[in-house]
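Biologist: Hi! Could you walk me through this one while I have it open on my screen?

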Amino acid sequence: MTAARIAVLTVSDRASRGEYEDRGGPAIEAWLRRAVTSEVEIIREIVPDGREVVAGAFRRWADEGGADLILATGGTGPSPRDLTPEAMEDVAERVFPGFGELMRAVSLREVPTAILSRQGAGTRGKTLIITLPGKPSAIDTCLNAVFPAVPYCLDLMGAGWIETDPEVCKAFRPAK
């Protein structure tokens, strides 16, 4: 079992220019540090909004960067430059709509505007890509909902190994 490599990608024009503090990337990393107990490497990057730029970052991390998991934050709303879902679909070989469905369902319990969010997931080679909202509280809500399935998904794909603290996130793996 190899340690997983996780790329945390913040998608934001303002944060990429240094005009706005990146809160999404640190929120994802903090969640991972609470939930994951196995050895993982976490790499963070900030890129501007835009379909081609974001797709390029996904390709680079999946094809050259050795990422087992890419967690992207931002660019999933209705604004004209929010094109992270389209960028993910441009590079994904398979799309898993259940991730987005579950994230919106749990988020709707907290805010009625969750229906505006277009987060989702897909795979490229042995990399799972999950697109998350940008707000730290929404990131926690969404990761709490979908992450129980992530370690087993990575297992099935032949990607890196992730163990979680069941007090934070009880990962599901079927009994052998």
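Biologist: Let's start with helix H5 and helix H6: at roughly what angle do their axes cross?

Modeller: Happy to help, and keep in mind that this is a predicted model. The axes of helix H5 (residues 97-108) and helix H6 (residues 136-146) cross at roughly 125° and come within 9 Å.

Biologist: Why give me both an angle and a distance?

Modeller: Because two packed helices are described by the angle between their axes and the distance between the axes.

Biologist: OK, and what do you call the arrangement of H5 and H6?

Modeller: Angles over 115 degrees and up to 145 are neither roughly perpendicular nor roughly antiparallel, so H5 and H6 are oblique to each other. Their crossing is right-handed.

Biologist: Which residues make that contact?

Modeller: On the H5 side they are Phe99, Leu102, Met103, Val106 and Ser107, and H6 brings in Thr141, Cys142, Ala145 and Val146.

Biologist: How do the residues of the contact of H5 with H6 split by class?

Modeller: Seven are nonpolar and two are polar, with no charged residues.

Biologist: Now H2 and H6. How far apart are their axes?

Modeller: The axes of H2 and H6 are 9 Å apart, and the two helices pack at an angle of about 40°. That makes H2 oblique to H6. The crossing of H2 and H6 is right-handed.

Biologist: Which residues of H2 and H6 make the contact?

Modeller: From H2 you have Gly24, Ala27, Ile28, Trp31 and Arg34, while H6 supplies Pro136, Ile139, Asp140, Leu143 and Asn144. By class, the contact of H2 with H6 has six nonpolar, two polar and two charged residues.

Biologist: I've clicked on Pro136. What does Pro136 touch, leaving out residues up to four places away in sequence?

Modeller: Pro136, which is found in helix H6, touches Arg23 and Ala27 on that count. From Pro136 to Arg34 the C-alpha distance is 14 Å, with their positions 102 residues apart in sequence.

Biologist: Back to H2, then. Is Glu29 buried or exposed?

Modeller: Glu29 has 17% relative accessibility, so Glu29 counts as buried. Glu29 lies in helix H2 (residues 24-35). Setting aside residues up to four places away in sequence, Glu29 touches Ile42 and Arg44.

Biologist: And Ala30, why is that one counted as partly exposed?

Modeller: Ala30 is also placed in helix H2, and Ala30 counts as partly exposed because its relative accessibility is 36%. Ala30 and Asp140 are 9.6 Å apart in space, C-alpha to C-alpha, although they are 110 residues apart in sequence.

Biologist: Changing topic: how many residues of helix H4 are buried?

Modeller: Six of the eight residues in helix H4 (residues 84-91) are buried, and H4 is mostly covered. The buried ones are Thr84, Pro85, Glu86, Ala87, Met88 and Val91.

Biologist: What covers those buried residues of H4?

Modeller: The cover includes strand S1 (4-11), helix H3 (51-64), strand S3 (69-73), strand S5 (120-124) and strand S6 (127-132).

Biologist: Last one: which residues does UniProt list for "domain: MoaB/Mog"?

Modeller: UniProt lists residues 7-153 for that domain, in an unreviewed entry. Over residues 7-153, the chain is 44% helix and 21% strand. The C-alpha atoms at the ends of that stretch are 16 Å apart.

Methods: Residues numbered from 1 in each chain as written. Predicted model: local features only at pLDDT ≥ 70, side-chain atom pairs only at ≥ 80, totals over all residues. Heavy atoms only, no water. Helix = DSSP H or I, 4+ residues; strand = E, 2+ residues; numbered from the N terminus. Buried < 20%, exposed > 50% of the residue type's maximum accessible area, 1.4 Å probe, protein only. Contact = heavy atoms within 4.5 Å. Axes fitted to C-alpha atoms, helices over the stretch in contact; angles between N-to-C directions. Parallel < 35°, antiparallel > 145°, perpendicular 65-115°, else oblique. Left-handed = near helix turned anticlockwise from the far one by under 90°. Nonpolar A, V, L, I, M, F, W, Y, C, P; charged D, E, K, R; others polar. UniProt positions renumbered as here; feature names shortened; annotations may be inferred.
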